[in-house]
Amino acid sequence: MRLNRKDLLGLEDIAVDEIKLILDTADSFKEFGSRIIKKVPALRGKTVVNLFYEPSTRTRTSFEIAGKRLSADVVNFSASQSSVGKGETLIDTMKNIEAMQPDLIVVRHGSAGAPHMLARMVECGVINAGDGAHEHPSQALLDMLMIRDVKGRINGLTVAIIGDISHSRVARSNIYGLTRMGARVRVCGPKTMIPAQIERMGVEVFHDVRKAISGVDVIMMLRIQLERQAGALLPSLREYARHFGLTPEIIKAAKPDATILHPGPINRGVEISSEVADCQRSMILNQVTNGVAVRMALLYLLTGGAGDETAD
Amino acid sequence: MKLLIKGGRVIDPAQGIDKPLDVLIEKGRIASLIQPASRVRPAMDKVKTIDATGCIVAPGLIDMHVHFREPGFEHKETIESGCAAAAAGGFTSVCCMANTNPVNDNQAITLMIIAQAQKANGVRVYPIAAATVGQNGEAATEIGELKTAGAVALSDDGNEIRNSQVARLVLEYASMFDMPVILHCEDMYLSQGGQVNEGFVSTELGLPGIPNAAEESMVARNLILAEMTGAPIHIAHVSTAGSVDLIRWAKARDVRVTAEATPHHLTLTEKAVRGYNTQCKMSPPLRSEQDRIAVLTGLADGTIDAVATDHAPHDDRLKIVEFDKAANGVIGLETALGLMLRLVRQGQLDLPTLIQRMSTAPARIMGLPGGSLAVDQPADVVVFDPEQEWTVDAMCLRSRSHNTPFDGWSLPGVIKATIVNGRIVHSG
Ligand SMILES: [Zn+2]
């Protein structure tokens, strides 16, 4: 079994069957995490390069563990130890890495579209591990896996995504993936954080959290980037917390069984209060566990899995 | 020597001519336009003949907005390579913007550009000097002296003149010297960090957008300053429907304003950027289809006076990079006529209007010779076959840079001859 594509750059052009295949494969990988020996030989002899131009301990570690559990050789290459500081261009770096003949490159980059440029230039597969404010497909897939775990389905659910939609790659990937799977998606945030014509992506726009979460099955909170937004898009973080933060009081507007997701790391007291973050409905830590399974599935499906399993 | 351009269809909007005529050139000037049936023929032994059968014979194209990167960025373009590209595209005159390094804000640079142009192929090069020192928007340049040195207009193109008081001063002062002021209209606060047009495409791509208002608010301010001062202004690279409306409004009030649009804004929309194509990254950004149509309508009805390429060469180092790190700009001299002829084919524009917008009008706006085939005018002529197609190969263009979104496009309009001052500077 494999995905009929070279790269996973985003969920914009992904098909329902592909999403199902990824989620089902991830399901079957989940149990490895609880085994005593957490390793299968599926990707033995394959090389996966984690090319991270932005620091991201979570995503990088998640891909690294995923690769190692499948017995791939995982090489981490982060911008700080590379020659980027010496003025080497992305293309130069890429050509060097490609000369090492990896089977897959997992790339995180601050510039939207950088993985697309790489995918055009290299023969091997490329997974987008987050590009600027564009997409973060593996995060959205793990969110979808989480939703499916808790709710048993995605089709027919209503999901509210709350926060800085403009700058959120997580939001874009989730909008594509969730709507493709038949969910209704609402986005909510201050007007300064809602990008132009987003309703054309098939979402409903709200500026009032209470209204946005009323009746929804899933609430997905986004991380407010403290360094960037204060000042530029908001009068103050305090103002944001008061009007858009998820508090025990606000959350009463949602269904009693509404699931709460957050891609992490959370800013306690800003977009989400501690009480809500740590409550039973919060799946924030379970998301991390699912992240490894989804990434195992992606590595497995994009490399074609083990040699003897690729006959089809 | 005499030159006879024989058998072509002569289009000279300045004289309202559109018919089969032979053009006789003598001593660098248009000597006569001869009826094809006429018995009066120059003695053939002393005449070089260009067979223009099936071709358009028109006043040489004039590009009032190019960036030749000399001095400072000669690896991208030199005046010589830029002139070769111009001639290959049918242009007999170009006006080059001041954002060189150092900036053309003093007579030494202006004189140097003119001197370099004299060593090139003969295409006429007219320097546009900076409107403010260092293009910093703070203090006006020595406009009188720049004019004396040979600058034909003033512009901080690439930057707006942010301070309205400075803009007013430049307009008032320049008008004493009959120097048009070319204005790059962009509110840099509104466009700050922007990579593409603000709209659905910017949302999809996750790239910061540049709203139409960034251009239109500055167009509005500049029109109001032009009305107040009575000084002539020229709006560079108009890209939005709102700007066209504002210019139409100002013209109805007899404000002395002219405007230009580029072939790429008339041809492409923001959708071309999908896939993060850095060759489509430009300032102002490619806009929506509605904007494109509005600009094209403005060009057809005369609200937009001229076509200018904004020829902006950049090397691969600045284009084959992450989208947000890529430089703005696209080369245009060799594809301009073809792209405009496509619009003629689509019925958006007729040929005489096209020639008017690409030759007659820019000559008038900038006060340059050319733009007409009237007898005794300098013999600046372009001969092209409007039907014959050619395929753009970015690597084969004469420009030293290859940054074009039109690589691989098939375009109509093969240049048979570009003639400056009676001398053939390009033949195809
Ligand atoms: Zn320009």
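1. In β2(A), which residue is the bridge partner of A:Thr47? The partner is A:Asp73. This pair belongs to a predicted model, in which local features need pLDDT of at least 70, side-chain atom pairs count only at pLDDT 80 or more, and totals for chains, interfaces and linings use all residues; side-chain values use heavy atoms, with hydrogens and water left out. Residues are numbered from 1 along each chain as its sequence is written, while chains are lettered from A and ligands numbered from 1 in the order in which they are written.

2. Strand β1 (residues 47–52) of chain A runs parallel to β2(A), and six bridges join the two. Two strands are taken to pair if DSSP finds at least two bridges between them. Helices (H or I, at least four residues) and strands (E, at least two) are DSSP runs, numbered from the N terminus. The four-stranded open sheet of chain A has the order β2-β1-β3-β4, with parallel pairing. Its edges are β2 (73–78) and β4 (125–131) of chain A; each has a single partner strand, so one side of each is left without a neighbour in the sheet. On average, neighbouring strands of this sheet are turned by 15° against each other, direction ignored.

3. Helix α11 (residues 284–303) of chain A lies across β1, β3 (104–109) and β4 of chain A, and runs at about 130° to β3(A). Such angles run from 0 to 180 degrees between N-to-C directions, the axes being lines fitted to C-alpha atoms, for helices over the stretch in contact. Contact means heavy atoms within 4.5 Å.

4. Chain A as a whole contains 11 helices and nine strands. Its radius of gyration is 19 Å, which agrees with the value near 20 Å for a compact globule of 312 residues. This radius is taken over C-alpha atoms, and the globule rule is 2.2 Å times the number of residues to the power 0.38. The C-alpha trace of chain A spans about 55 × 45 × 35 Å along its principal axes. Of its 312 residues, 58% count as buried, where buried means under 20% relative accessible area, exposed over 50%, and partly exposed in between (1.4 Å probe, protein chains only).

5. Chain B has 13 helices and 18 strands. Its radius of gyration of 21 Å is close to the 22 Å that the globule rule gives for 428 residues, so chain B is as compact as a globular protein of that length. The C-alpha atoms of chain B fill a box of roughly 65 × 45 × 45 Å, taken along the principal axes. In chain B, 62% of the 428 residues count as buried. Among contacts in this chain between residues at least 6 apart in sequence, 74% join residues at least 24 apart.

6. An open sheet of eight strands in chain B follows the order β6-β7-β8-β9-β10-β13-β14-β15, with parallel pairing. The edge strands are β6 (61–66) and β15 (306–307) of chain B, each pairing on one side only. Helix α13 (residues 351–366) of chain B packs on this sheet, and its direction makes about 60° with that of β6(B).

7. Strand β14 (residues 257–261) of chain B is joined to β15(B) by two bridges, with B:Glu260 bridged to B:Ala306. β13(B) and β14(B) pair in the parallel sense over three bridges, and there the partner of B:Ile233 is B:Val257. Five of the five residues of β14(B) are buried, so this strand is largely enclosed by the rest of the structure. Both of its faces are covered: B:Val257, B:Ala259 and B:Ala261 are buried on one side, and B:Thr258 and B:Glu260 on the other.

8. B:Asn222, in helix α7 (residues 212–229) of chain B, counts as buried at 2% relative accessibility. Apart from its neighbours within four places in sequence, B:Asn222 is in contact with B:Leu183, B:Cys185 and B:Ile233.

9. Which residues hold the zinc ion as protein donors? They are B:His65 (NE2), B:His67 (NE2), B:Asp157 (OD) and B:Asp310 (OD), lying 2.0 to 2.2 Å from the ion. Donors are N, O and S atoms within 2.8 Å of the metal (3.2 Å for Na, K and Ca); water is not among the atoms, so sites may look incomplete. B:His65 lies in strand β6 of chain B and B:Asp310 in the loop between β15 and α11 (316–319) of chain B, so the pair ties together parts that are 245 residues apart in sequence. B:His65 is buried, with a relative accessible area of 0%, and B:Asp310 also counts as buried, at 9%.
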